[in-house]
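Subject: The structure we talked about

Hi,

Here is the structure I promised to pass on to you. Please have it open while you read, as my notes follow below.

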Amino acid sequence: ATRPLDLEEVSVRGNSTADKVKHPYKLKFDHKQTPFGMPKDTTWLLLANYGDWSLVRTGIGFDVGRKLDGLEWTPQGHFAELYVNGVYKGSYQLIQSIKIDKDRVDIKKKKGVVIEIDPHFEEDGVPGFFGDHKLPYAFKIPDERKKKKDGSESPKGITDDKVAVMKKRILAFEKVLYGPKFADPKTGWTKYLDLDSAVDYYLVKEFTKENDGDFYRSNFFYVDDYTDPRSKFFLGPVWDFDRSAGAKPFNAKSGTTI
């Protein structure tokens with residue numbers, strides 16, 4: 001018999017997918033779990049893949065990412081059939097969530113920062129800003145302030161310093177990237193952004209024809225130490241392939257493709 005797992009929290013997750021008939025979920029367990037033999041953790045996601053009738057596009061995108069050594073981490077996942085209180089809810093994909101951890105985004109917990117390109121950060125109540133070229137930078141991890149047991153501010157959460165320094169660094173990178181000397185081997189874009197991760201990230205986007213490959217949303221990059229100017233940005237992890245490979249836009253009201 002399968003041993004039941006004690007859940008602390010179940011919540012609906014996602015941006016454009018949260019309002020679909022088939023909800024994606026975030027699962028938080030009381031103790032670290034190792035579903036399907038994946039590295040243990042307390043937080044997991046159930047992707048509904050509602051916009052992908054094949055249900056496999058995200059799995060293929062992740063498989064491609066894991067085969068490229070320039071991406072330091074690509075989520076692991078397994079397909080699963082979901083039952084809630086004995087009622088079948090459909091075919092899902094259980095995957096690792098994006099978080100700072102030695103088995104996921106392996107960067108410093110106090111000084112590491114993960115940024116998401118997401119135009120909805122303001123309505124979601126997430127710290128962020130628009131760059132000089134209108135790209136929306138949202139703080140993915142951390143995205144809220146945290147307190148220590150004594151009530152003081154924890155450096156693991158979002159801080160005014162993290163917001164200010166990351167904004168300054170990103171704007172400086174933009175200025176070089178869109179400037180006349182962007183390809184300079186010493187002062188150009190590779191001074192700020194890791195070359196291998198950038199190349200392999202775009203290879204995955206191009207191979208899958210991922211819908212957000214134009215950097216509209218669901219694109220991530222991170223830095224190991226936001227205080228160290230020598231610590232480069234790394235693109236990744238790759239994410240959100242349900243509308244890749246020619247998948248047609250989905251009409252949430254009618255439940256059909258447009």
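Which residue forms a salt bridge with Arg-145? Glu-153 does, and the closest N and O atoms of the pair are 2.8 Å apart. Please keep in mind as you look around that this is a predicted model. Glu-153 counts as partly exposed because its relative accessible area is 37%. Arg-145, at 46% relative accessibility, is partly exposed as well.

**Other charged pairs**

A search of the whole structure turns up 11 salt bridges. One of them joins Arg-104 to Asp-41, at 3.9 Å from N to O. Arg-104 sits in the loop between strand 5 and strand 6 (113–117), while Asp-41 belongs to strand 3, so this pair ties together parts that are 63 residues apart in sequence. Both Arg-104 and Asp-41 are buried. Lys-99 joins in too: Asp-41, Lys-99 and Arg-104 are linked in a network of salt bridges.

Thr-43 is a good residue to click on next. Thr-43 lies in strand 3 and is buried, with a relative accessible area of 10%. Not counting residues up to four places away in sequence, Thr-43 touches Lys-26, Leu-27, Lys-28, Ser-97, Lys-99 and Arg-104. Lys-99 and Arg-104 in that list are also members of the salt-bridge network.

Another pair is Lys-209 with Glu-206, where the closest N and O atoms are 3.3 Å apart. Lys-209 is exposed, at 53% relative accessibility, whereas Glu-206 is partly exposed, at 48%.

**Two buried charged residues**

Asp-194 is found in the loop between helix 2 (160–177) and helix 3 (195–208). Asp-194 is buried and yet has no salt bridge. The nearest side chain of opposite charge is that of Lys-232, 5.7 Å away. A salt bridge needs the two atoms within 4 Å, so the distance of 5.7 Å to Lys-232 does not qualify. What the side chain of Asp-194 does reach is the backbone nitrogen of Ser-197, at 2.8 Å. Leaving aside neighbours within four places in sequence, Asp-194 is in contact with Lys-232, Phe-233 and Phe-234.

Lys-162, in helix 2, is buried too, with a relative accessible area of 1%. The side chain of Lys-162 reaches the backbone oxygen of Lys-110 at 3.0 Å. Beyond its neighbours within four places in sequence, Lys-162 has contacts that include Val-113, Phe-139, Pro-142, Pro-155 and Tyr-226. With Tyr-226, Lys-162 has a separation of 64 residues in sequence and of 7.1 Å in space, C-alpha to C-alpha.

**Helix 1**

Helix 1 (residues 57–66) is mostly covered, with seven of its 10 residues buried. Those seven are Arg-57, Thr-58, Gly-59, Gly-61, Phe-62, Val-64 and Gly-65. They pack against strand 3 (41–47), strand 5 (87–96) and helix 3.

Gly-61 is worth zooming in on. Its relative accessible area is 0%, so Gly-61 counts as buried. Setting aside neighbours within four places in sequence, Gly-61 is in contact with Val-204, Thr-208, Val-238 and Phe-241. The C-alpha atoms of Gly-61 and Phe-207 are 8.6 Å from each other, although these positions lie 146 residues apart along the chain as a sequence separation.

**The nonpolar cores**

In soluble globular proteins, nonpolar side chains tend to be buried together. Here the largest nonpolar core has 40 residues, and Val-114 and Met-166 touch the most other members. At least two residues of this core come from each of strand 3, helix 1, strand 6, strand 8 (136–141), helix 2, helix 3, strand 9 (219–223) and strand 10 (233–235). Apart from this core lies another, of 11 residues, among them Phe-29, Met-38, Trp-44 and Tyr-50.

Which residues surround Val-114, leaving aside its neighbours within four places in sequence? Its contacts include Ile-98, Ile-100, Val-105, Ile-107, Ala-138, Phe-139, Ile-141, Phe-220, Phe-221 and Tyr-222. Phe-139 appears here and among the contacts of Lys-162 as well.

Enjoy looking around, and write back with any questions.

Best wishes

Key: Residues are numbered from 1 along each chain as its sequence is written. This is a predicted model: local features need pLDDT of at least 70, side-chain atom pairs count only at pLDDT 80 or more; totals for chains, interfaces and linings use all residues. Side-chain values use heavy atoms; hydrogens and water are left out. Helices (H or I, at least four residues) and strands (E, at least two) are DSSP runs, numbered from the N terminus. Buried means under 20% relative accessible area, exposed over 50%, partly exposed in between (1.4 Å probe, protein chains only). Lys and Arg count as positive and Asp and Glu as negative; His and the chain ends are not counted. A polar contact is a pair of N or O atoms within 3.5 Å; within protein, one must be able to donate a hydrogen and the other to accept it, and residues adjacent in sequence count only if both atoms are side-chain atoms. Contact means heavy atoms within 4.5 Å. A nonpolar core is a set of buried Ala, Val, Leu, Ile, Met, Phe, Trp, Tyr and Cys residues joined through side-chain atoms within 4.5 Å.
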